[in-house]
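Work through the exercises below with the model open beside you, and try each task before reading its solution.

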Amino acid sequence: MSGPLSTGDVDMRRREDVMRAVRLTHWGGPPVMTELDRPSPQGEEVLVQVEAAGLCGSDLHVIDAARGALPYRTPFTLGHEVAGRVAEHGPDATGPGIGQRVVVYGPWGCGCCGNCAAGAENYCDRRSELDTSRAGTGVGLGRDGGLADFLLVPSGRLLLPVGDLAPTQAAPLSDAGLTSYHAIAGIRPALGDADGGGTSVAVIGVGGLGHLAVQILRATTSAQVLAVDVREEALALATDCGAHFGTLVRPDTAEALRRRTGGAGVDAVLDFVGTSATLGLGSSAVRPGGALALVGSGGGELMVRKPGALPPGLRISLPFWGTRTELEQVMTLARAGAVTVATERFPLSRTLDAIDALRSGKVRGRAVLIPAEGLKQS
């Protein structure tokens, strides 16, 4: 799949009526670069000029999905981690003004149910209706996303100002940072008070999300952070991010984690991989009464049965993205310097190279696509 995506590299910045977009045109991919008419916002819509778009493991799941596996219709533009500048308002739009730098809150719900009204569009009460209608459930998820020069956002409520935070930092925080923050919020009861100490959490998978989870845990809890991965370089990144301990996946990894906690097991597990193997590891390493958050979409299964092999009192959560308020809190941490995204930059025309690097585990942190890089100058 490697190589540049190209439409001939025309000087599209000279033509205000068209833009480039990386589209999934059929299930199984690969995505293709196309030229589209530049959208014109109507009603409450806002047009954002994209400055950075993160590439996520979830994008690989979407690209690789078999026909009918996901409730979306092709074609659509990929990319669900987006930051840029407000370029144009629809006549009824509210929110950040023209020229203001923003990050896009990615889960797009109905906007009116109880959860959406509370800022939790990630848990829209009408999501099953949206799935049934195949209308798409968020930016880059059945609806056009941010791997493009411009992104049409349904409402200004979905945009948060980022201040002086660089777009290459802001974009990944809208999913990698937000999802990690939300998952940590779900296991926080198992970790006790921020100043309590004495608790531990295992972070399985130190990639785009995991390396941010390590930093968020260090910034917001006093828990001992134990990192697990299959790659030495990922453990080195975990150490750079503040992990207290790192271990490669081995037959005795669960026992190694238990030894670090005095034999009882970790208080919580954040599984950013989600295979049957990592779920087995996590459930073997967690203590009775602990918590396991399944974040990764690796397709693994865990047998839940009582009585069974799982530790008694185990709480299992399936976090999905996060709330607008949580995104604001992640941005606050980033602006304070408590959270920094490790990034590898690619021009938009090299999206396939970025996908290959992500698929092969060669990305350190987060791959970020920059539409402005690689364009011919007028």
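**Exercise 1: Two residues in loops**

In this predicted model, W321 is buried, with a relative accessible area of 4%.

Task: Find where W321 lies, and describe its backbone.

Solution: Begin with the position, which is in the loop between β16 and α9 (324-335). Next, look at the backbone, where W321 has a positive phi of about 50° although it is not a glycine. Finally, compare the accessible area with the cut-off: buried means under 20%, so W321, at 4%, counts as buried.

Task: Decide whether P107 is buried or exposed, and list what P107 is in contact with beyond its neighbours within four places in sequence.

Solution: First locate P107 in the loop between β6 (101-104) and α2 (114-117). Its relative accessible area is 0%, so P107 is buried. Then leave aside the neighbours within four places in sequence, and the contacts of P107 turn out to be E121, N122, R127, T137, G138, L158, W321 and G322. The list therefore includes W321, the residue treated in the task above.

**Exercise 2: One side of a helix**

Task: Which residues of helix α7 (residues 253-260) are buried, and what do they pack against?

Solution: The buried residues of α7 are T253, A254, A256 and L257. They cover an arc of only 160° around the axis, and therefore lie on the same side of α7. From there, follow their packing, which is against the strands β11 (200-204), β12 (224-229), β13 (245-248) and β14 (266-271), and also against the helix α8 (276-285). Just after α7, G262 takes a positive phi of about 75°.

**Exercise 3: The nonpolar cores**

Task: How many residues does the largest nonpolar core have, and which of them have the most contacts inside it?

Solution: The largest nonpolar core has 93 residues, and L173, V201 and L270 are those with the most contacts inside it. The largest share of this core, 11 residues, comes from helix α4 (residues 167-191). For L173, leaving aside neighbours within four places in sequence, the contacts include L165, L212, M331 and V341. A second, separate core of 16 residues includes L226, L281, A285 and L292. In soluble globular proteins, nonpolar side chains tend to be buried together.

**Exercise 4: Cis peptide bonds**

Task: Where are the prolines P30 and P307, each of which follows a cis peptide bond?

Solution: The bond from G29 to P30 is cis, with omega near 0°, and P30 is found in the loop between β1 (18-24) and β2 (32-37). The bond from K306 to P307 is cis as well, with omega near -5°, and P307 has its place in the loop between β15 (286-294) and β16 (315-317).

Note on methods
Residues numbered from 1 in each chain as written. Predicted model: local features only at pLDDT ≥ 70, side-chain atom pairs only at ≥ 80, totals over all residues. Heavy atoms only, no water. Buried < 20%, exposed > 50% of the residue type's maximum accessible area, 1.4 Å probe, protein only. Helix = DSSP H or I, 4+ residues; strand = E, 2+ residues; numbered from the N terminus. Arc of directions from axis to C-beta. Contact = heavy atoms within 4.5 Å. Core = buried A, V, L, I, M, F, W, Y, C linked by side-chain atoms within 4.5 Å.
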